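Work through the exercises below with the coordinates open. Try each task before reading its solution.

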Amino acid sequence: VEAVYCHTIPLLPDRLSYPEHIPDGLEDFYLYKNEDDFKQKLRSIILNINKKKGSAIADFIKKYNWKNCIEHYDEYLSTIKNNYSTTSNSV
């Protein structure tokens, strides 16, 4: 995810959590299904390196930037702390 955020061109397996990091409509360009598909897509990326950019995906991935996540984590951790404090006081 960090490399994609830095505008690299991803080539990822179409499994595990990788598909959720690719915007809808771009899966065919950046996700491969098997070894032959990987080789074909890698070749295409190399031959068209000046035409392909990772910026569309980088914009999609920016939601993971710490600056964009910190408030959510702060709220979540405060909720856990408050729930724990309430629970531990009642024991």
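The exercises that follow concern a predicted model.

**Exercise 1. Cysteine pairing**

Task: Decide how many disulfides the model has, and classify Cys-6 and Cys-69 as buried or exposed.

Solution:
- Step 1. A disulfide requires two cysteine sulfur atoms within 2.5 Å.
- Step 2. By this rule the count is zero.
- Step 3. For Cys-6, the nearest cysteine sulfur belongs to Cys-69 and lies 15 Å away, so Cys-6 is in no disulfide.
- Step 4. Cys-69 is likewise in no disulfide, its nearest cysteine sulfur being that of Cys-6 at 15 Å.
- Step 5. Cys-6 has a relative accessible area of 55%, which is over 50%, so Cys-6 is exposed.
- Step 6. Cys-69 has 14% relative accessibility, which is under 20%, so Cys-69 is buried.

**Exercise 2. The nonpolar core**

Task: Find which residues make up the largest nonpolar core, then list the contacts of Ile-57 beyond four places in sequence.

Solution:
- Step 1. The largest nonpolar core has seven residues: Val-4, Leu-12, Ile-22, Tyr-30, Leu-31, Ile-57 and Ile-61.
- Step 2. Leaving out residues up to four places away in sequence, Ile-57 touches Val-4, Pro-10, His-21, Ile-22, Pro-23, Leu-26 and Tyr-30.
- Step 3. Comparing the two lists, Val-4, Ile-22 and Tyr-30 appear in both.

**Exercise 3. A surface patch**

Task: Identify which residues form a nonpolar patch on the surface, and place Trp-66.

Solution:
- Step 1. The patch consists of Trp-66, Ile-70, Tyr-73, Tyr-76, Leu-77 and Ile-80.
- Step 2. Together these residues have about 620 Å² of accessible area.
- Step 3. Trp-66 belongs to helix 5, which covers residues 66–89.
- Step 4. Trp-66 counts as exposed because its relative accessibility is 51%, over the 50% limit.

**Exercise 4. Positive phi**

Task: For His-7 and Leu-16, state what phi is near, and locate each residue.

Solution:
- Step 1. Most residues other than glycine have a negative phi.
- Step 2. His-7 has a positive phi, near 70 degrees, and sits in the loop between helix 1 (2–5) and strand 1 (12–13).
- Step 3. Leu-16 also has a positive phi, near 55 degrees, and lies in the loop between strand 1 and helix 2.
- Step 4. His-7 is partly exposed because its relative accessible area is 46%, between the 20% and 50% limits.
- Step 5. Leu-16 is exposed because its relative accessibility is 68%, over 50%.

How values were computed:
Residues numbered from 1 in each chain as written. Predicted model: local features only at pLDDT ≥ 70, side-chain atom pairs only at ≥ 80, totals over all residues. Heavy atoms only, no water. Core = buried A, V, L, I, M, F, W, Y, C linked by side-chain atoms within 4.5 Å. Buried < 20%, exposed > 50% of the residue type's maximum accessible area, 1.4 Å probe, protein only. Contact = heavy atoms within 4.5 Å. Patch = residues over 30% accessible without salt bridge, like charges linked within 9 Å, V, L, I, M, F, W, Y side chains within 5 Å. Areas by Shrake-Rupley, 256 points an atom, 1.4 Å probe, with all protein chains shown as cover. Salt bridge = Lys/Arg side-chain N within 4 Å of Asp/Glu carboxyl O. Helix = DSSP H or I, 4+ residues; strand = E, 2+ residues; numbered from the N terminus.
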